[in-house]
Amino acid sequence: MKTALNYVAQAQQYRINELEQLYRICALMDVAGDLVHCLQSERGSSNVLLASKGVSFREKWIAFGANTDGASSRLHCWLDINERSDGMVSSSRFLMRLALAIHGINDLPKLRQKILNQEISAAESTGIYSSVVNALLALVFEAADIAVDPSVSKGLVALFHLMQGKEFSGLERATGARICASEKSDELLQALGNLIELQEHCIERFEDFSSTDIVEQWLAMTKSMPMIEFEKMRRKLLSPKLVDESIHADEWFSMCTRRIDAMHMVEKYLTNSLATKCDALIREAHTQLNDQNTLLSALSNEQPNSPISLLVSNLPSGRKGDGVLSDKIGSNLSMEILDVLQSQSKQLSAMGDELLAVRATIEERKVIERAKGMLMAHQGLSEEGAYSAMRDKSMSQNQKLIDVAKSILSLFEFLKLKH
């Protein structure tokens, strides 16, 4: 007859399988981060190329495109390996996000041909590149949502906000390059200001969810950057004057690229830390499973006085040596089994509480994204404009951003019902 410990061992094996999947996800996040980084550089250089009517950045754009293709090949390699080994992520939403990303990547040659032929505007090109980047960022968000370990899930939330902040930095680079390469417009200046604010918000959230060593890496990166010179360039670009000849597109692009490359290094450090954490959790789980298998082997040679299932019932702690409890359990071996069951129960309970807290944050993010999408679809706002409108409403009414988002969704639901 199977004992409770049989099922504890089976549950432990499932946990190992989940952690191994999480380890593979961390490897995918590293590959996806590299691809996003390459796409951001290709997008930024395409803005200068298109804004200058094909005069500037042609060679750089082609080189960045080759880097993107290399990163894309590494992604397809990861997919091939995991499909052959039956190691793909078992989440429908995650796979749908992946499908969208792959579709966008496979369409890049068409976009590049339009750019070469000057058949597309800088704004349209940016939108297409950004849709691919956003699909890849969504993978990180979904990975955080399905992660089975709270510390890894929290780290993935931090990674998402860092990558999102870096994406806004990439859009700032692209927008600033357009301003340098052509005349300023109120629309571009507004977009640039919004992108700077959005970066700050994302970095705050990244720091909130990061461990101390990750924050230290981030602070070290910022100290190594010439931020005073960078802020001066920002102020020049944001001035209402026409094109400031003292800022060349190449100069702006190089300064932004240096900062974005440094942010990418922090991303790499974080993804490697998460992979290391998963590896440690897997080894710990294997050790626990081996201990449980040893107990199972011993249990097969001993018949306890009472079923194990009767032992797991609010037993008082700290009384493992008294005679009454020993009589109830019937053997030292049963006491060891009880220790395993109670330890597993406490561990699962603590992990469940931590996961609930992290996933509550993820759910808030989903609500905010839905509200932002509603404003973009129905009010004709850009992503940056929609977020800025929600943030301004939050500040003016002294409400949390999540409450503003819920109000927006409720309003649109009400208007839909009236029609």
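Visitor: Which word fits Lys53, buried or exposed?
Guide: This is a predicted model, in which local features need pLDDT of at least 70, side-chain atom pairs count only at pLDDT 80 or more, and totals for chains, interfaces and linings use all residues. Residues are numbered from 1 along each chain as its sequence is written, and side-chain values use heavy atoms, with hydrogens and water left out. Buried means under 20% relative accessible area, exposed means over 50%, and partly exposed lies in between, using a 1.4 Å probe and protein chains only. Lys53 has a relative accessible area of 68%, so Lys53 counts as exposed.

Visitor: Where is Lys53, and what is its phi near?
Guide: Lys53 sits in the loop between α1 (4-51) and α2 (58-84). Helices here are DSSP runs of H or I with at least four residues, strands are runs of E with at least two, and both are numbered from the N terminus. Lys53 is a residue other than glycine with a positive phi, near 60 degrees.

Visitor: Which word fits Phe57, buried or exposed?
Guide: Phe57 is also in the loop between α1 and α2. Its phi is positive, near 70 degrees, and Phe57 is not a glycine. The relative accessible area of Phe57 is 10%, so Phe57 counts as buried.

Visitor: How many helices does the protein chain have?
Guide: Read along the sequence, the pattern of the protein chain is α-α-α-α-α-α-α-α-α-α-α-α-α-α. The count of strands is zero, and the count of helices is 14.

Visitor: What percentage of the residues of the protein chain count as buried?
Guide: The accessible surface of the protein chain, from the Shrake-Rupley method with a 1.4 Å probe, comes to about 21,000 Å². Carbon and sulfur atoms hold 54% of that surface. Of the 419 residues, the part that counts as buried is 49%.

Visitor: How are α7 and α13 arranged, and which way do they cross?
Guide: Two packed helices are described by the angle between their axes and the distance between the axes. Axes are lines fitted to C-alpha atoms, for helices over the stretch in contact, and angles run from 0 to 180 degrees between N-to-C directions. Helix α7 (residues 186-209) and helix α13 (residues 383-396) pack at about 65 degrees with axes 10 Å apart. They are therefore roughly perpendicular (a word for angles of 65 to 115 degrees), and their crossing, with the near helix turned anticlockwise from the far one by less than a right angle, is left-handed.

Visitor: Which residues of α13 meet α7?
Guide: Contact means heavy atoms within 4.5 Å. On the α7 side are Asn194, Leu195, Glu197, Leu198 and His201. Their partners in α13 are Glu384, Gly385, Tyr387, Ser388 and Arg391.

Visitor: At what angle do α7 and α9 cross?
Guide: Helix α9 covers residues 227-238. The axes of α7 and α9 come within 9 Å, and they cross at roughly 145 degrees.

Visitor: How far apart in space are Val36 and Ala135, C-alpha to C-alpha?
Guide: Val36 is in helix α1 and counts as buried, at 1% relative accessibility. Leaving out residues up to four places away in sequence, Val36 touches Val133, Leu136, Met163 and Lys166. Val36 and Ala135 are 99 residues apart in sequence, and their C-alpha atoms are separated in space by 9.8 Å.

Visitor: How far apart in space are Glu229 and Met255, C-alpha to C-alpha?
Guide: Glu229 is in helix α9 and is partly exposed, with a relative accessible area of 42%. Glu229 and Met255 are 26 residues apart in sequence, and the C-alpha to C-alpha distance in space is 8.9 Å.

How values were computed
Angles under 35 degrees count as roughly parallel, over 145 as roughly antiparallel, 65 to 115 as roughly perpendicular and the rest as oblique.
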